[in-house]
Amino acid sequence: MQMRAPKGVMVLGQTDGEDPRENIIICRCNEVTQKDVEDLIDRGITDIEEIKRLLRIGMGPCQGRTCIPLVMGIIARKTGRRMEDIKVPATRVPIRPVPAGVLVGELDEE
Amino acid sequence: MRSRADVVVIGGGIVGLSTAYHLAKLGADVVVLEKGYVGSGSTFRCASGIRAQFTDEANVKLMKYSVKRWKELSDELGYDVGFVQTGYLFLATTEDEADVFRRTVKLHRRLGLGTRIIDMDEAREIVPILNTEPFILGQWNPEDGKASPFKSTFAFLMRAREMGVEVHEYTPVTAILVENGEVMGVKAGDRTIKADAVLNATNAWAPLVNEMAGLDRELIPIKPFKHQLVKTEPIKPGLVNPLVSPPSWNDSYIIQDAEDGGVIGGAGVEHGPTYDVTPTYDFLREVVRWMTRIAPPLKYVHIIRQWAGFYAKTPDSNPVMGEIKYVNGLYIAAGFSGHGFMMAPGVSEAMADLIMKGRTKVPLDWEWYDPHRFERGELRTSAFQIG
């Protein structure tokens, strides 16, 4: 949890008066914040498959390694569901990003 | 859950949800039943392209109207559907193919599309990373485009719910109630919903749903074929704005996601019939080969995702839409053969009109899409298959 500075004190990287949840990044690939996730849940969209697609969480180069567990935690906390009852979305291949040229033999693997 | 509705829609993809919205607009009480989450069947797996550039009159007219509706939807629904008119660019590799393109352009112009032939200099301006060398000319319609499958599905879902439509996810239909050749409602497990009309909007699963109404699976022979896509990491916006496709290169295509900047690639590698969605290596090799030939700089870009979905194909690759004549009140809009997402706005308005009023002003040729044409041994000219 982020510390809140006293009113009127400027904190680098955080605009005074903003909802602090806007500064908590859940998905680095697509710059999704805690507030983005919670706003969708407040609108009744609580299915991880749906949140994933609307916010493109887990669809960036990291393949969801960071964000998916965080989103599952937020869903569990806000809906009262247990983490183990939330189904993890399918992991897509390739497990690690591969340059297209490597797949057609025109580039060497980095 | 309501125990009575005017219409039960089976299938919560873009076709089912947009039809529910149009039905509600006409004053109907509607329940939508979806066996997974909304969009989980084929909508969320699609490549997002929207085009009026078909090669036959029925599909061109329907899609011309759908494109007009796509333009209106964000304002009408109050939720952004992410539609942008970035065009479709087809590329000819031989003189024979160039002649086909010229004839197609004539058909399009007669039907009021803005399609035209362009040279490779202009193509390069439209797609800055295009490899112009292998191609003779392009067939270009700047009014085609793309939308977000995710945002548009939710736009219809949210608006429909605000209008009183009940949408139940993870609720598979288990029976369709039919008495004396008339539809009476549906069952979902131990729950029954009485209804005057039922719409089968389950695309790849439509024959299994027809079977619940006592119809043979082969009556309307829709079969699920696995098609796949890959996506790259984000690249600079605008490098591949339109859908770009040389049809003679195994129906391959590339199109940049307007939202996250990744490039989606597809190719005509087909598996099935099957309900399996496991990605395959043969597709990955094939699609990347063509992507890097269409736009060579893509060689240096990482592939980050590969997934599969279904082309719910009929024998002539044209969808079926209309009432099923053996069961009064049972309707179908399915078998979209890869074109359900782009067609949904026009199709859904027409289907809602048909169900509620028995007629529509939407330019949809019911005869062309007749669900019973296969019983008569009729096949339409195959709908042009790409993206």
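## A strand shared between chains

Let's begin where the two chains meet in a sheet. In this predicted model, Val98(A) stands opposite Ile303(B), a residue of strand β16(B). Val98(A) belongs to strand β3 of chain A, residues 98–99, which pairs with β16(B) in the antiparallel sense over two bridges. On the chain B side, β16(B) also has a partner: strand β12(B), residues 223–234, runs antiparallel to it, and ten bridges join the two. One pair to look for is Lys231(B), whose bridge partner in β16(B) is Arg305(B).

How many of the residues of strand β16 of chain B are buried? Twelve of the twelve residues, 302–313, are buried, so the strand is largely enclosed by the rest of the structure. While you have a strand in view, here is a handy rule: side chains in a regular strand alternate between the two faces of the sheet.

## A covered helix in chain A

Next, find helix α2 of chain A, residues 48–55. Seven of its eight residues are buried, which leaves the helix mostly covered. The buried ones are Ile48(A), Glu49(A), Glu50(A), Ile51(A), Lys52(A), Arg53(A) and Leu55(A). What do they pack against? Within chain A, their neighbours are β2 (32–33), α1 (34–42) and α3 (67–79), and from chain B come α5 (149–162) and the strand you have already met, β16.

Both ends of this helix reward a closer look. At its start, a side-chain oxygen of Asp47(A) comes to within 2.9 Å of the backbone nitrogen of Glu49(A). Just after the helix, Arg56(A) takes a positive phi of about 60°.

## Two nonpolar cores

The largest nonpolar core holds 99 residues, and those touching the most other members are Val37(A), Ile51(A), Ile57(A), Ile50(B), Trp70(B) and Met321(B). Helix α8 of chain B, residues 340–357, gives the largest share of this core, ten residues. The core also draws at least three residues from each of domain 1 and domain 2 of chain B. Ile51(A), which sits in α2(A), makes a good starting point for exploring. Setting aside residues up to four places away in sequence, Ile51(A) touches Val37(A), Leu40(A), Ile41(A), Ile45(A), Thr46(A), Arg56(A), Val71(A) and Ile75(A).

Apart from this core lies another, of 37 residues. Its members include Ala100(A), Val230(B), Ile235(B) and Leu298(B).

## Two domains in chain B

Chain B is divided into domain 1 (1–83 + 143–222 + 315–387) and domain 2 (121–136 + 223–313). Their C-alpha centres lie 27 Å apart. The contact between them takes 27 residues from domain 1 and 24 residues from domain 2.

## A tyrosine in a loop

Tyr326(B) lies in the loop between β17 (320–323) and β18 (330–334) of chain B. Is this tyrosine buried or exposed? The answer falls in between: Tyr326(B) is partly exposed, because its relative accessible area is 40%, between the 20% limit for buried and the 50% limit for exposed.

Leaving aside neighbours within four places in sequence, Tyr326(B) is in contact with Gly181(B), Leu215(B), Leu219(B), His372(B) and Glu375(B). Gly181(B) is 145 residues away in sequence, yet the two C-alpha atoms are 6.6 Å apart in space. With Glu375(B), the side chain of Tyr326(B) makes a polar contact of 2.3 Å.

## Cysteines without a bond

How many disulfides does the structure hold? The count over all chains is zero. Take Cys27(A) as an example: the closest cysteine sulfur, in Cys67(A), is 4.6 Å from its own sulfur, which is too far for a bond because a disulfide needs the two sulfurs within 2.5 Å. Cys27(A) counts as buried, at 1% relative accessibility.

## Backbone details to spot

Two cis peptide bonds are worth finding. One joins Val93(A) and Pro94(A), with omega about -10°, and Pro94(A) is in the loop between α3 and β3 of chain A. Another runs from Gly272(B) to Pro273(B), with omega near 10°; Pro273(B) lies in the loop between β15 (262–266) and α7 (281–294) of chain B.

Now look at two asparagines with positive phi. Asn180(B), with phi near 50°, is in the loop between β9 (175–179) and β10 (182–188) of chain B and is exposed at 82% relative accessibility. Asn203(B) has a phi of about 45° and is found in the loop between β11 (191–200) and α6 (206–212) of chain B. Asn203(B) is buried, with a relative accessible area of 15%.

Definitions and conventions:
Residues are numbered from 1 along each chain as its sequence is written. Chains are lettered from A and ligands numbered from 1 in the order in which they are written. This is a predicted model: local features need pLDDT of at least 70, side-chain atom pairs count only at pLDDT 80 or more; totals for chains, interfaces and linings use all residues. Side-chain values use heavy atoms; hydrogens and water are left out. Buried means under 20% relative accessible area, exposed over 50%, partly exposed in between (1.4 Å probe, protein chains only). Helices (H or I, at least four residues) and strands (E, at least two) are DSSP runs, numbered from the N terminus. Two strands pair if DSSP finds at least two bridges between them. Contact means heavy atoms within 4.5 Å. A polar contact is a pair of N or O atoms within 3.5 Å; within protein, one must be able to donate a hydrogen and the other to accept it, and residues adjacent in sequence count only if both atoms are side-chain atoms. A nonpolar core is a set of buried Ala, Val, Leu, Ile, Met, Phe, Trp, Tyr and Cys residues joined through side-chain atoms within 4.5 Å. Domain bounds come from an automatic or database domain assignment.
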